[in-house]
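Here is a short briefing to keep beside the model as you look around. Please have the sequence and the 3D view open together.

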Amino acid sequence: MLTADTFVRSPLPGMKGCTAIVHAGPALGATFAEYTAEFEAGGELGATSAQRFVFVMEGSVSVEVAGKRTELGARGYAYFPEDAAHQVVATKVSRVAVLEKSYQTLSSVGVPGAIISHEDSVSSRALNDDPDLQVKCLLPDEMSFDFAVNTMTYQPGAALSMVEMHVMEHGLIMLEGGGIYRLGDAWYPVTAGDFIWMGPWCPQWFGAIGKTPAKYLIYKDWNRHPLAGVRR
């Protein structure tokens, strides 16, 4: 778990008018990279050959892919497939969550296309029939995608119904509110701005506390066999 008072900022290759707070990557044991990009007006992300997902937390950015340019405000997001030429340029001072991951191909499905959307346009569903815990799946639940990104919103007092343990790893950014997170055998107070990386089979549980809803953005690897990518 990383709290905002521990964040270290540094530029990444190709960034212009932008710095990164790198939260997770292979050096930690993660199979993906996640960072918060802090833009000046006119700042720009560097290029990547990996898949990239961006979620605007504050401000606005202009994204261009396949010759089409779109402006995304707060809670807008975009997905760019591997090797897709694209640009992400801030139109004002902005903070953006960025996920990057090498794509794991499947012979039975094609490569997904780019997506430009907004959280408000995604329908919400109750997790485990609990109306106080709502999930929005920002990427289509299709086998062509090898990861998922969701927002989860807890009303005050709402909690996961079980301590989860599973093969998927997570990258989690708290967007609003706060609560208590169990990670392994430890319990941590969390608030907006905090980041958590959870490796495979890390015991995990969250409960919202306070007078306002708690909300986070969460990544998980998805739709691939656990032996995918393993070489003997």
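Which residue takes a positive phi in the hairpin of β4 and β5? That residue is Ala66, with a phi near 55°, in a hairpin that has 2 residues between the strands. Before going on, please note that this is a predicted model, in which local features need pLDDT of at least 70, side-chain atom pairs count only at pLDDT 80 or more, and totals for chains, interfaces and linings use all residues. Residues are numbered from 1 along each chain as its sequence is written, and side-chain values use heavy atoms, with hydrogens and water left out.

**Strand β4 and its partners**

- Strands here are DSSP runs of E with at least two residues, numbered from the N terminus, and two strands pair if DSSP finds at least two bridges between them.
- β4 covers residues 61-65, and 4 of its 5 residues are buried (buried means under 20% relative accessible area with a 1.4 Å probe, protein chains only; exposed is over 50%, and partly exposed lies in between).
- With β5 (residues 68-72), β4 runs antiparallel and shares 5 bridges; Val63 stands opposite Thr70 in this pairing.
- β4 also pairs with β7 (residues 86-90), again in the antiparallel sense and over 5 bridges, and here Val65 faces His86.

**The sheet β15-β14-β17**

- These 3 strands form an open sheet in that order, with antiparallel pairing.
- Its edge strands, β15 (186-191) and β17 (204-209), each pair on one side only.
- On average, neighbouring strands of this sheet are turned by 20° against each other, direction ignored (axes are lines fitted to C-alpha atoms, and angles run from 0 to 180 degrees between N-to-C directions).
- Why is β14 largely enclosed by the rest of the structure? It is so because 5 of the 6 residues of β14 are buried.
- β14 (residues 178-183) joins β17 over 6 bridges, and 6 bridges also join β14 to β15.
- Gly179 of β14 stands opposite Ala208 in β17 and opposite Val190 in β15, while Gly178 has Ile209 of β17 as its bridge partner.
- In the hairpin of β14 and β15, Gly184 takes a positive phi near 65°.

**Aromatic rings**

- The model has 11 aromatic pairs, counting rings of Phe, Tyr and Trp (its six-membered ring) whose centres lie within 6.5 Å.
- Ring pairs link Phe32, Tyr79, Phe145, Phe147 and Tyr219 into a cluster.
- The charged end of Lys220 sits over the ring of Trp222, 3.7 Å from its centre (the rule asks for NZ of Lys or CZ of Arg within 6 Å of the ring centre and within 35 degrees of the ring normal).

**The largest pocket**

- A pocket is an open set of points on a 1 Å grid over the protein atoms alone, where a 1.4 Å probe fits, with protein on both sides within 12 Å along at least five of seven lines; lining residues have an atom within 4 Å of a point.
- The largest pocket has a volume of about 540 Å³, a volume being the space filled by probe spheres set on the points.
- 30 residues line this pocket, and Arg125, Leu127, Asn150, Met152 and Lys220 lie nearest its centre.
- β10 (125-127), β11 (130-137), β12 (147-154) and β18 (214-221) each supply at least two lining residues, and β12 gives the most, with 5.

Terms used:
Helix = DSSP H or I, 4+ residues; strand = E, 2+ residues; numbered from the N terminus. Phe/Tyr/Trp six-rings, centres within 6.5 Å; stacked < 30°, edge-to-face > 60°.
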